[in-house]
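Student: I have the sequence and the model open. Please take one part and walk me through it closely.

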Amino acid sequence: MKFNVPGMTCGHCVATITKAVKAVDPAAEVKADLAGKTVTVETSLPPAAVAKTLHEAGYPNSNL
C-alpha cells in the first residue's frame with residue numbers, strides 16, 4: 001500500500017515513519033521516496049491502521 005506523506009522532508013522523517021510502522025508490525029517492509037513524498041508499506045495490517053500509525057507519528061497522509 002502506498003501513502004502520500006507531504007510532511008516527509010528528510011532522512012529523520014523516514015526513520016521516524018519506519019520506526020512507527022515497525023512498532024506495530026515488526027515484519028513490515030517500509031520504502032520511502034523523499035522526492036515523491038510517498039511511503040510504500042508491505043504489511044498484513046489494513047491500510048487504515050497504517051494511515052493511523054503514520055498520523056500518530058506526526059505525518060498526516062493519504063492512501064494512494
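**A close look at helix α2 and the sheet**

Tutor: Start with K31, which counts as exposed because its relative accessibility is 52%. Keep in mind that this is a predicted model.

K31 has a charged partner. Its side chain meets that of E42 in a salt bridge, at 4.0 Å from N to O. K31 lies in strand β2 (residues 29–33) and E42 in strand β3 (residues 38–42), so the pair ties together parts that are eleven residues apart in sequence. E42 is partly exposed, with a relative accessible area of 48%. That value falls short of the exposed class, which starts over 50%.

Now place those strands. Four strands form an open sheet, in the order β2-β3-β1-β4. The pairing is antiparallel. β2 and β4 (62–63) are the edge strands, and each of them pairs on one side only. So the K31–E42 salt bridge links a residue of β2 to a residue of β3.

Move on to β1. Strand β1 covers residues 2–4 and is joined to β3 by three bridges. These two strands run antiparallel. Within β1 and β3, look at K2: it stands opposite T40 in β3.

Next comes the helix. α2 lies across β1, β3 and β4. Its direction makes an angle of about 35° with β1.

Go to T53, which is found in helix α2 (residues 47–56). T53 counts as buried, because its relative accessibility is 12%; the buried class ends at 20%. What does the T53 side chain reach? It reaches the backbone oxygen of A49, at 2.9 Å. Leaving aside residues up to four places away in sequence, T53 touches A20, V21 and V24.

The helix also carries a salt bridge. The side chains of E56 and K52 meet at 3.8 Å, N to O. Why are these two about one helical turn apart? They are four residues apart in helix α2, and that spacing separates them by about one helical turn. E56 counts as exposed, at 58% relative accessibility. K52 is exposed as well, with a relative accessible area of 52%.

Take stock of the charged pairs. The structure holds two salt bridges. One joins K31 and E42, and the other joins E56 and K52. The K31–E42 pair ties β2 to β3, whereas E56 and K52 both sit in α2. In that helix, T53 is buried, while K52 and E56 are exposed.

How values were computed. Residues are numbered from 1 along each chain as its sequence is written. This is a predicted model: local features need pLDDT of at least 70, side-chain atom pairs count only at pLDDT 80 or more; totals for chains, interfaces and linings use all residues. Side-chain values use heavy atoms; hydrogens and water are left out. Buried means under 20% relative accessible area, exposed over 50%, partly exposed in between (1.4 Å probe, protein chains only). A polar contact is a pair of N or O atoms within 3.5 Å; within protein, one must be able to donate a hydrogen and the other to accept it, and residues adjacent in sequence count only if both atoms are side-chain atoms. Contact means heavy atoms within 4.5 Å. Two strands pair if DSSP finds at least two bridges between them. Axes are lines fitted to C-alpha atoms, for helices over the stretch in contact, and angles run from 0 to 180 degrees between N-to-C directions.
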